[in-house]
Amino acid sequence: DRLASIQDSYYGGRLDKARTIVEKAIKKNKSEADVLKLERSLIDLADGRPEQAERTLREVRDHFDDLEQKDVGESIISTLTDDNRLSYAGEDYEKLLVRCFLSLANLMHDGEDASAYGLQVGEKQRDIIQAGADDSGSNPKLAYKRVALGAYIHATLQEATHTNWDEAERSIQLVANWEPDFEFADADLNRVRNGRHSEPGNGVLYVFTLVGRGPYKVERPEIASSAALLIADRILSATGKHSLPPTIAPIKVPVLIRNRSRVSSVGVAIDGTRRGQTATITDVSQLAIAQYEAVFPRIMARAVVRRVVKKGTIYATKEVAHIDHPAANLALDLAGVAWEASESADTRCWGLLPDQIQVLRIELPAGEHEITLTAQDGRSSIGSGARHTVIVEDSRNTYVLGSFPDAELVGQILVSNAH
């Protein structure tokens with residue numbers, strides 16, 4: 001419900017209200033502070049505060065890294081309650097996207113660390129995948145799709161040096177490998193292989209857009225597992241000395257849902273002339289859902305273990321206390337049912353993520369230009385368009401960022417200094 005109120009304000013362009021809701025929630029809910037700060041970072045970014053957004057993202061990145069060390073005490077408490085008692089350390093896709101948005105935010109104010117943040121995306125991907133193996137050697141994270149945005153930003157900055165062509169080519173090749181549907185990869189490879197940033201007297205404008213509404217978590221009862229436990233506890237109750245609490249409350253698990261997005265891309269016009277539309281460099285929803293599905297069996301297993309531990313605790317209490325009286329048995333069974341029913345799925349998530357991150361590269365004559373960004377459904381415009389003046393410098397890159405969760409721009413168009 002809290003996420004819905006933040007989303008309603010943000011998607012409606014009421015950024016001040018969205019920020020107020022987030023700030024109040026941070027003060028009241030320490031266990032959700034990090035994920036709420038992620039929401040605030042995107043509010044700040046849309047509101048033209050990239051430096052503030054970067055500081056927040058860096059803080060959350062570092063805290064998520066610290067939380068990767070397991071806390072045995074927290075793990076025990078969560079087994080006896082639910083996963084909401086765990087400090088939220090971010091889903092794997094969120095840890096990667098924090099670094100992607102760090103790179104974008106830095107591009108929008110000075111660009112000094114954007115390349116390093118871009119490289120961190122690839123490094124974190126390797127760390128996450130390597131850490132995914134369990135004691136049996138199984139590693140569902142080997143199937144993870146890789147995130148291309150960090151490599152792409154690194155390539156754009158290396159290309160702008162006019163010397164680091166090999167480095168730019170390596171990064172663009174990673175983009176082509178990791179995001180094979182990215183339509184500009186071949187042209188980018190040809191350009192860097194030929195060592196040509198732009199024609200004399202021209203500069204380059206990169207238009208990044210946050211398109212559509214990203215995925216979010218909801219609670220779902222896992223009927224199949226609940227039914228299996230119901231059969232198991234009936235068998236144990238029939239064959240054991242004591243009854244078990246009946247499985248009345250279903251096992252609850254979080255599932256990731258893809259939002260419906262009207263916007264498929266953003267059309268870009270320069271000085272009144274259409275120059276193309278943005279293309280997807282990272283499909284956030286596809287990435288998040290595929291990663292989540294890969295590790296979902298482990299999430300399900302934790303939920304089943306938690307239920308078994310609770311039933312076992314009730315059974316052990318009866319055994320240790322030598323409880324045989326029907327009324328006492330019933331009282332403990334009712335307590336067990338209430339204990340199991342108190343579980344909630346952990347639906348904490350970064351709720352203001354876009355559906356896709358897209359980009360368009362345009363070479364332009366140096367000088368002042370008017371850029372118009374218009375949300376599109378296919379090739380049809382569905383918004384009124386947003387305008388901004390940009391200055392393109394000879395032989396340099398300028399970056400633009402706009403957020404289009406729906407037909408209209410949220411906040412403002414951000415324009416960097418030339419890098």
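Helices and strands here are DSSP runs, with at least four residues for a helix and at least two for a strand, numbered from the N terminus. With that in hand, open the model, which is a predicted one, and colour it by secondary structure. You will find 13 helices and 12 strands in the protein.

**The whole protein**

Start with everything selected. Of the 419 residues, 53% are buried. Turn on the surface next: the accessible area comes to about 18300 Å², and carbon and sulfur atoms account for 51% of it. Now think about contacts between residues at least 6 apart in sequence: 76% of them join residues at least 24 apart.

**Stop 1: a positive patch**

Select K24, K27, K28 and K30. These lysines gather in a patch of positive charge on the surface. Zoom in on K30, which sits in the loop between α2 (15-28) and α3 (33-46). Is K30 buried or exposed? With a relative accessible area of 64%, K30 is exposed.

**Stop 2: a negative patch**

Now select E51, D110, E112 and D113. Here the surface carries a patch of negative charge formed by these four residues. D113 belongs to the loop between α6 (92-107) and α7 (114-130). Its relative accessibility is 35%, so D113 counts as partly exposed.

**Stop 3: salt bridges**

Side chains of opposite charge can pair when their charged atoms come close. How many salt bridges does the structure hold? There are 30, and three of them are worth a visit.

Begin with E91 and K217, whose closest N and O atoms are 2.6 Å apart in a salt bridge. E91 lies in the loop between α5 (72-80) and α6, while K217 is in strand β2 (residues 216-222), so this pair ties together parts that are 126 residues apart in sequence. Show the surface again and look for the two partners: E91 is buried, at 18% relative accessible area, and K217 is buried too, at 6%.

Next, pick D92 and K141. Their salt bridge has its closest N and O atoms 3.0 Å apart. D92 is in helix α6 and K141 is in the loop between α7 and α8, so the pair ties together parts that are 49 residues apart in sequence. Both partners are again buried, D92 with a relative accessible area of 11% and K141 with 14%.

For the third pair, select D406 and R213, whose side chains meet in a salt bridge at 3.2 Å, N to O. The two residues link distant parts of the chain, 193 residues apart: D406 is in the loop between β11 and β12 (410-415), and R213 in the loop between β1 (202-211) and β2. R213 is partly exposed, with a relative accessible area of 23%.

Before you leave this stop, select D65, E68, D92, K95, R99, K124 and K141 together. Salt bridges that share partners join these residues into one network. You have already met D92 and K141 as a salt-bridged pair.

**Stop 4: E159 and its surroundings**

Go to helix α8 (residues 149-159) and find E159 in it. Is this residue buried or exposed? At 2% relative accessibility, E159 counts as buried; the cut-off for buried is under 20%.

Which residues is E159 in contact with, leaving aside its neighbours within four places in sequence? Show side chains for W165, A168, R191, V192, R196, H197, Y206 and R361, and you will have them on screen. Then draw a distance between the C-alpha atoms of E159 and G195: they are separated by 8.3 Å, with the two positions 36 residues apart along the chain.

**Stop 5: two positive phi angles**

Finish with the backbone. Select D271, where phi is near 50°, a positive value in a residue other than glycine. D271 lies in the loop between β4 (265-270) and β5 (273-277). With a relative accessible area of 44%, D271 is partly exposed.

The last selection is S395. What is the phi of S395? The angle is positive, about 65°, although S395 is not a glycine. Look for S395 in the loop between β10 (386-392) and β11 (397-404). Its relative accessibility is 28%, so S395 counts as partly exposed.

Definitions and conventions: Residues are numbered from 1 along each chain as its sequence is written. This is a predicted model: local features need pLDDT of at least 70, side-chain atom pairs count only at pLDDT 80 or more; totals for chains, interfaces and linings use all residues. Side-chain values use heavy atoms; hydrogens and water are left out. Patches are made of residues with over 30% relative accessible area and no salt bridge: like charges are joined within 9 Å, nonpolar side chains (Val, Leu, Ile, Met, Phe, Trp, Tyr) within 5 Å. Accessible areas come from the Shrake-Rupley method with a 1.4 Å probe; for residues, only the protein chains shown count as cover. Lys and Arg count as positive and Asp and Glu as negative; His and the chain ends are not counted. The place of a charge is taken as NZ of Lys, CZ of Arg, CG of Asp or CD of Glu. Buried means under 20% relative accessible area, exposed over 50%, partly exposed in between (1.4 Å probe, protein chains only). Contact means heavy atoms within 4.5 Å.
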